[in-house]
There are 4 protein chains.
Amino acid sequence: MRSSKLVSAVVVIGAVAAGVALGQANNWYPSRWGAADQRGAANRITAAKVLEAKNLMTRGTVYQLGRVYEAAMPLFGTRHFSLRIPQTYGPLGTNRTMYHDEVVSAEIGQVGTQFDGLGHIGVGDLFYNGNDRGEFSKPDGLTKLGVENVGALVTRGVLVDVAAFKGVARLDGGYEITRADLTGALERQRTEVRAGDIVLVHTGWGSLWGVDNAAFNAAAPGVGLEAAEYLVEREVVLVGSDTWATEVVPNPNPDLQFPVHQLLIPRNGIYIFENLLTEELARDRVYEFAFFFAPLKLKGATGSPGNPLAIR
Amino acid sequence: MRSSKLVSAVVVIGAVAAGVALGQANNWYPSRWGAADQRGAANRITAAKVLEAKNLMTRGTVYQLGRVYEAAMPLFGTRHFSLRIPQTYGPLGTNRTMYHDEVVSAEIGQVGTQFDGLGHIGVGDLFYNGNDRGEFSKPDGLTKLGVENVGALVTRGVLVDVAAFKGVARLDGGYEITRADLTGALERQRTEVRAGDIVLVHTGWGSLWGVDNAAFNAAAPGVGLEAAEYLVEREVVLVGSDTWATEVVPNPNPDLQFPVHQLLIPRNGIYIFENLLTEELARDRVYEFAFFFAPLKLKGATGSPGNPLAIR
Amino acid sequence: MRSSKLVSAVVVIGAVAAGVALGQANNWYPSRWGAADQRGAANRITAAKVLEAKNLMTRGTVYQLGRVYEAAMPLFGTRHFSLRIPQTYGPLGTNRTMYHDEVVSAEIGQVGTQFDGLGHIGVGDLFYNGNDRGEFSKPDGLTKLGVENVGALVTRGVLVDVAAFKGVARLDGGYEITRADLTGALERQRTEVRAGDIVLVHTGWGSLWGVDNAAFNAAAPGVGLEAAEYLVEREVVLVGSDTWATEVVPNPNPDLQFPVHQLLIPRNGIYIFENLLTEELARDRVYEFAFFFAPLKLKGATGSPGNPLAIR
Amino acid sequence: MRSSKLVSAVVVIGAVAAGVALGQANNWYPSRWGAADQRGAANRITAAKVLEAKNLMTRGTVYQLGRVYEAAMPLFGTRHFSLRIPQTYGPLGTNRTMYHDEVVSAEIGQVGTQFDGLGHIGVGDLFYNGNDRGEFSKPDGLTKLGVENVGALVTRGVLVDVAAFKGVARLDGGYEITRADLTGALERQRTEVRAGDIVLVHTGWGSLWGVDNAAFNAAAPGVGLEAAEYLVEREVVLVGSDTWATEVVPNPNPDLQFPVHQLLIPRNGIYIFENLLTEELARDRVYEFAFFFAPLKLKGATGSPGNPLAIR
């Protein structure tokens, strides 16, 4: 799949200033992968991309990108996370086996480090590939676009350290990362973004995690619409970051709510990964790496928790 | 780390027939990784093992080893799995963002495809490294041995197709896999097990999954104590399979309950991974592969769900 | 409130055979208690009804009508009930206080003994008082018709032992209780139904509870549409029974699904109480009693668990 | 049952100052209702008490004493309350039935308005009737002392308005209600406490509920040890209040943690009911009333949510 052949098919939002259009245009489906597709940009991952990733594993250093899940983590809105260890089971047998398990209640695909699937975000009632929520959003699980369809994301990963490019440890809440920020940071790093890559944006916002949860949740620096369009043009698979939204919150256009989510997920089938631990990659200036993640196959779920790996 | 240097330190259960001893001997702690260790055999994974894994990635073929999580899957005892999609949130903004999440309640680290951490299994009240459950097993999470301590398991993986070695599609429930079965199957496959590897045992039992859950849960073929000792001697990191217990159930010695869990987890710090989808590896005769898994960092949990990857 | 004045206002389903009409007619709102009402037939309970109930308390005998909640009870569809006792908290202080609590996950208002509120059942998208589900059914709770609005139901209660009237210990699954069954049983008992009463129908079906859950769930004897219309005419507050649906399942008209629920709840604001323990009342021939129940004030919930009391 | 016969059996804590004794003395079991009893002071409720309650129902006025359950309510420690409305089910049949339910996860017997059962509180490892927690506290529910054993509590209720007696709208956090406060308030009200009654203490603390949850949880006025002994001597069934602990927090003796819970529940089988809505009773000076409550029969639970009724 050559990216040059596909540029013309990229969905471009003509007049971003006219934000209303984001909620109304319907020129974005069927998807480039067909009207029945449920995997979106995961289709960009090929054996060649897997081997491209492999070749970045030169040191054998593994970075865990997932944060700790606990009740004390920042949570969006009214979501919750509860984990309890029940009374110990056993002893069983003359060998006296005892065992523990844990009972967890949570919006498990949408708390903490979280991977947003194609059933998570709609443009009004329409989701990826024009699926109407009335048709597939059922109480016992989504009957289409469930995260179990995504499959493994093993590919080249790129870290874009926008905080370093801007010369700060942490971008401000509400700072909109622009196309020029992305391209400037990539140039500074001497990194390119290729079709089929996943891209992680380091903002430094993660340093508030567990330190000042209220501040962490109140706003976020992040990718703006123009920067997101650049990533769409680059034909990436996934955009992630160390914030809870990946996109800028609040959006500079006060009429818009999570427009980058709409641009990436339903309109272009590109996944979002939030609350990633990007600090160590930034510290070690690991701007290219092999990326490994496969969502939990939670049938009919909108997302997945995770502990993705970046390997050099 | 040369296995020859460590053989004398391997915990050997002298008289297996005297099963009572399994529940009483206390010669197994502190662990070889020190009295404070919380990672067990994950310590065997080095950058060299990561690069050894890398070199097995010759084709770029990715196998997902995790099964689908759903309420209809086989569940152990009184465990449950509930997933619901709440009413849709939104629309928000002039761009009319709508979104879904999912609320899940489950013994999330011990249902479906599940990774058993060091806090899961005890020999009476004593767990890995001699930790007494009264000291670390707290209602809000284990204060030691939680699965968040494990870290990434990226290493060489080996599939042992015992079903093929025995010439059947599916071993019988209660069939005890012996040391000779393991060594015979490995010889047939021309595969060796090395220190720091993870080992998956294919029994064919997974073909009952979702087809006859009652039969699936009623018994299982699996590794017996002698076979498990062989794997301990081989200094593996993890033993997994396509059954709910990995070990044989019921144990041929009717006085024993899950003695292989005790031998591997608390006594030797070796992890267990249950309900893996090994069918495709067996079908493709992929006996060596790069293995990628990192538990969800569920603070204080006994295990983790997962969708581990095997790559050739 | 004289019933004679209100008969003309009673919603009568003209042609029951034309079941389609049940899902389309819109002559049932606003409710007789006004377009803004959220309490339905609970409005029928007055201080006079409370005192009428009081006067039935002649013996001081209390009957608990609630069943035991446990994972082993019959559950509708994919609902679940999970209760776990976490590890013990404490000891605290020199007085060494220890304590337990329980973590429960369930469709708590719609499992086991369950009270159906006005937000539970719709005629298409329309619920009680013509409320459109798109307006009030929100992920964090119903914004109208939540069970917290119901208030206390303290009034005269009547048991109608239809099983005894038909001369059987247990009516058959699918048996449709007719208007003549109700009036015949009441005459046999020498009991009358008055405005503002709650009415419990004893079918004997509860004898399958926990004995043969599959049979219990597969069908149920219960009130048919004509019998339900009789109860509407009688201006009752609530209809309950010892089955999971109170109404007959399957309905004799195979095109209809839970039409009695629609007739009672959205069309007439009359509550339903399912899986009640009516055996002891029937055994003791307690056909009139003081009834006491108040739903848990679960904000925005569709129903409530309960252990209502019948006192003589 | 004459209280004069039982006074000598009342457990008296001789030297309160020697708080350590509270955690060590074992002269409090077997209970006066026998070594096998699981109902404690609920045994004090007789048909005569039910009829005594009945005679207080002179006006037909019903007070609901339960608060609204919602995620925004004050919660103890790390407890949680989550309620979600799943996507609507249906439409079913030609009559187009649609329905909602709710999925709730919570420490349901120990959040909000909560009834503490006999399995909730221990003196070290010993609970009511000397039951050792190792024997009955199991992961799937308590095998003894579960709240399903309590049964209906229909009896005379007394409100003691200590705030009014002290001439304030709200007692201060940490204010210890003394024996003299109780007897003084009762004398002022011209109310007596009789054997088999339930007693509710109005402190005014409930006015912080939902207004300043942090302040509400940080402390509480409440019954001290001497006042609790008075209630033990009076042979009550239950002590409740408008605070989260009913007893004073922190205890004036800083070495003691929840000693009144221990005195009432394990030592004397007397129940506690927390976070009751006593404001309306106090406002209307309803000091005597008929009380109606039966715990949800949650098998093996430590407590129950509720919406108890007080009727005049």
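**Close-up views of chain pairs and a helix pair**

**View 1. Chains A and B.** In this predicted model, a turn of 180 degrees with a shift of 0.0 Å along the axis lays chain A on chain B with an RMSD of 0.0 Å (least-squares superposition on C-alpha atoms of residues with pLDDT of at least 70 in both copies). That relation is the one given by a two-fold axis. Ser105(A) has the C-alpha of chain A nearest the axis, 2.1 Å from it. Because 100% of the interface residues of chain A are also interface residues in chain B, the copies meet through the same surface (contact means heavy atoms within 4.5 Å).

**View 2. Chains C and B.** Chain C is superposed on chain B by a rotation of 180 degrees, with 0.0 Å of shift along its axis and an RMSD of 0.0 Å. The C-alpha of chain C nearest the axis belongs to Ser105(C), at 3.4 Å.

**View 3. Helices H7(D) and H8(D).** The axes of H7 (residues 225–233) and H8 (residues 259–268) of chain D come within 9 Å and cross at roughly 25 degrees (axes are lines fitted to C-alpha atoms over the stretch in contact, with angles from 0 to 180 degrees between N-to-C directions; helices are DSSP runs of H or I, at least four residues). H7(D) is therefore roughly parallel to H8(D) (angles under 35 degrees). Leu225(D), Ala228(D), Glu229(D) and Val232(D) in H7(D) meet residues of H8(D) including Leu263(D) and Leu264(D).

Residues are numbered from 1 along each chain as its sequence is written, and chains are lettered from A in the order in which they are written. Local features need pLDDT of at least 70, side-chain atom pairs count only at pLDDT 80 or more, and totals for chains, interfaces and linings use all residues, while side-chain values use heavy atoms, without hydrogens and water.

Technical notes. Helix = DSSP H or I, 4+ residues; strand = E, 2+ residues; numbered from the N terminus. Parallel < 35°, antiparallel > 145°, perpendicular 65-115°, else oblique.
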